[in-house]
Amino acid sequence: MKEYLINIFTQAQDKLTYLKDVDLVFTVPAQANHGDYATNLAMILAKKLKQKPLDVAKEIIANLTTDPKVIEKIEIAGPGFINFYFNPSYNTKIINEILQHGKNFGRAAIHTGKKAMVEFVSANPTGPLTVGHGRNAVVGDTVANMLEWIGYTVDREYYFNNAGRQMRVLGDSVKLRYLELLGQSAKGGDFPEDYYQGEYIKEIAAALKKEYGDKLVNENPEGIFKQRAEKEIFADIIKTMERIGIKMKNFYNEHTLYEDGKIKSLLDEFKKENLSYEKEDAVWLKLTELGNEQDKVIVKSSGEPTYRLPDIAYHITKYERGYDLMIDLFGSDHNATYPDVLAGLRSLGYDDSKVKVLIHQFVTIMQKGEVVKMSTRKANYITLDELVDEVGSDVVRYFFNMRSITSHLNFDIELAKKQSDENPVFYLQYAHARISSILRMTNDEGLVTSAENLNLLVAKEEQNLLKKLHEFPNEIIYSAENFEAHRITTYLEELAALFHRFYTECRIIGSEKKLAEARIALCIAVQTVIRNGLSILGVNAPEKM
RNA sequence: GCGCCCAUAGCUCAAUCGGAUAGAGCAACAGCCUUCUAAGCUGUAGGUUAGUGGUUCGAGUCCACUUGGGCGUACCA
């Protein structure tokens with residue numbers, strides 16, 4: 001429908017050249033009596049042309065060539081909106097299209113041939129993934145799915161650092177627990193407050209004791225203790241991600257940037273290009289010259305680089321690996337770090353518009369009416385695993401996808417458990433399962449699907465469904481280009497609501513055969529779109545509930 | 001102090017480059033199952049879009065200020 005409008009307006013550009021100066025935007029009006037699609041072009045152009053909106057609208061309409069089999073009526077309304085009413089039988093053509101493309105209906109080839117990388121989760125292996133990481137994980141994976149749907153070849157990557165201070169403390173923590181188990185707890189006896197407090201540390205220590213007895217008492221904490229902890233924790237993280245359907249293409253260890261000399265050569269390049277200088281034994285990057293607020297240290301006086309240097313080096317590898325689009329997904333606690341990295345890249349001539357940084361707001365966990373401050377080190381957290389145990393993968397994925405990433409979201413654990421039956425995801429899944437059930441029943445009745453008499457679908461409930469189905473491909477493109485998965489959940493909820501209304505009003509079994517078979521085709525089309533939409537979100541579409 | 005994000009119905013959230021009467025779900029109230037799944041449908045109620053001012057044909061959306069919250073503001077990541 002939208003394509004048709006864009007088409008006729010593009011044709012009209014030959015006669016009305018001013019139509020070339022504006023974006024051809026058509027929207028679905030909130031009010032049904034404002035037509036199927038509307039545009040405010042006349043009002044936008046009125047200002048530029050210094051004419052009355054109504055006159056501009058009249059002139060536009062006079063120059064449009066429309067097929068009455070497609071568009072029934074065009075009206076000017078309100079202050080200058082142009083409203084389009086489509087022919088009901090034209091609306092049914094979407095069914096043929098959906099049946100033809102099936103599970104690929106809604107895919108767009110607009111970025112075919114381009115490579116994208118989505119870097120997400122990227123939590124250092126110091127403990128299990130928490131509910132907070134869950135938002136990042138789900139959003140990142142869904143963004144990757146959406147990009148695939150508009151043609152990108154997408155790699156999912158997890159960037160981590162197993163060499164920093166956090167990891168040293170991790171090794172220390174495991175060793176101390178190990179010594180405790182052997183009755184050799186450190187002087188004073190208390191487990192230090194700034195060590196990792198979680199139970200998983202004890203479990204790793206216990207496994208080491210079982211395997212090696214007391215042979216490790218003189219081992220360096222950074223040796224087997226740290227290594228074993230990293231291995232176990234990573235295995236755990238991977239398992240958790242698998243439970244919600246996430247599979248990384250690659251895990252990129254920051255350390256490899258040191259091993260293959262990328263850090264050093266980057267440092268040399270900054271120096272050679274006169275982009276860095278030394279002050280107080282540290283190396284500083286001239287960020288003020290690049291338009292940022294202040295210069296920042298890239299190598300500490302201890303000789304150790306800050307995170308900025310490896311981060312820039314890491315992004316350079318992304319360019320070297322040929323990505324056309326690089327998504328970085330961070331929590332809002334990182335909102336101060338990425339401008340430095342982007343500026344660094346820009347200074348070396350990399351096109352930083354290829355890097356898209358998405359910042360999501362934090363998840364506030366409410367438990368028993370109180371805000372829980374999450375901290376991996378203090379072991380004050382609810383793990384993503386626990387959440388999946390409680391409500392299941394579908395609810396978790398849907399919940400994190402249904403909100404705009406800019407919103408701070410409150411997650412009330414008790415409420416989530418209690419209301420899991422009322423979660424909108426079940427509303428969608430129910431619509432899907434209901435259609436499966438209809439198809440089983442109608443099959444038993446000897447009814448088959450038929451796209452031959454679709455023009456019988458003239459009931460209000462049927463037409464509303466058809467118009468909604470038309471919107472799906474555009475919704476996917478819009479959601480993907482703007483990285484907004486919540487648009488898809490909103491769309492699917494509206495589609496499911498229209499289906500449930502159709503179900504209540506329009507019977508299949510018992511209707512005249514031609515009509516019944518056309519309705520079956522409509523059901524299959526709706527089911528296909530729900531299934532495709534849910535698959536982008538990573539949510540299952542059950543046959544039965 | 002400064003920077004980024006945010007404030008919409010009792011609760012959780014939508015609202016397509018600024019568009020027509022601000023919408024859903026949950027919670028509340030009143031109805032609908034001898035017929036394809038009632039995890040559903042229909043209806044009622046619920047709003048000064050935090051506040052004040054501005055920009056214009058038109059503002060939840062843009063600008064300024066105020067109030068309240070989140071996250072930053074490291075030679076941590």
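**The RNA surface and the cavities**

Mentor: Helix 17 contributes 8 residues to the surface near RNA strand B, the most of any element. The model is a predicted one.

Trainee: What makes a residue count as near RNA strand B, and how many residues surround the strand?

Mentor: A heavy atom of the residue must lie within 4 Å of the strand. In this model 64 residues surround RNA strand B, with Phe81, Lys300, Arg403, Tyr430 and Arg434 the closest. Of the RNA atoms that come within 4 Å of the protein, 58% belong to sugar and phosphate.

Trainee: Why is the pair formed by Ser437 and a phosphate oxygen of RNA strand B called a polar contact?

Mentor: A polar side-chain atom of Ser437 lies 2.4 Å from that phosphate oxygen. The limit for a pair of N or O atoms is 3.5 Å, so the pair qualifies. Ser332 qualifies as well, because its backbone N or O atom is 2.8 Å from a sugar or linking oxygen of RNA strand B.

Trainee: How do you know that Gln31 belongs in this group?

Mentor: An N or O atom in the side chain of Gln31 is 3.5 Å from a base nitrogen of RNA strand B. Pairs within 3.5 Å count, therefore Gln31 is included.

Trainee: What makes a space in the protein a cavity, and how many of 30 Å³ or more are there?

Mentor: A 1.4 Å probe must fit but be unable to get out. The structure holds 2 such cavities, and the largest has a volume of about 50 Å³.

Trainee: Which classes of residue line the largest cavity?

Mentor: Its lining has 5 nonpolar, 3 polar and 2 charged residues. Arg403 and Glu484 are among the lining residues, and both count as charged because Arg and Glu belong to that class.

Technical notes:
Residues numbered from 1 in each chain as written. Chains lettered and ligands numbered in written order. Predicted model: local features only at pLDDT ≥ 70, side-chain atom pairs only at ≥ 80, totals over all residues. Heavy atoms only, no water. Polar contact = N/O pair within 3.5 Å; in protein donor to acceptor, adjacent residues only side chain to side chain. Helix = DSSP H or I, 4+ residues; strand = E, 2+ residues; numbered from the N terminus. 1 Å grid on protein atoms, 1.4 Å probe; cavity = no way out; pocket = protein on both sides within 12 Å on 5 of 7 lines; lining within 4 Å. Points joined across faces, edges and corners; volume = space filled by probe spheres on them.
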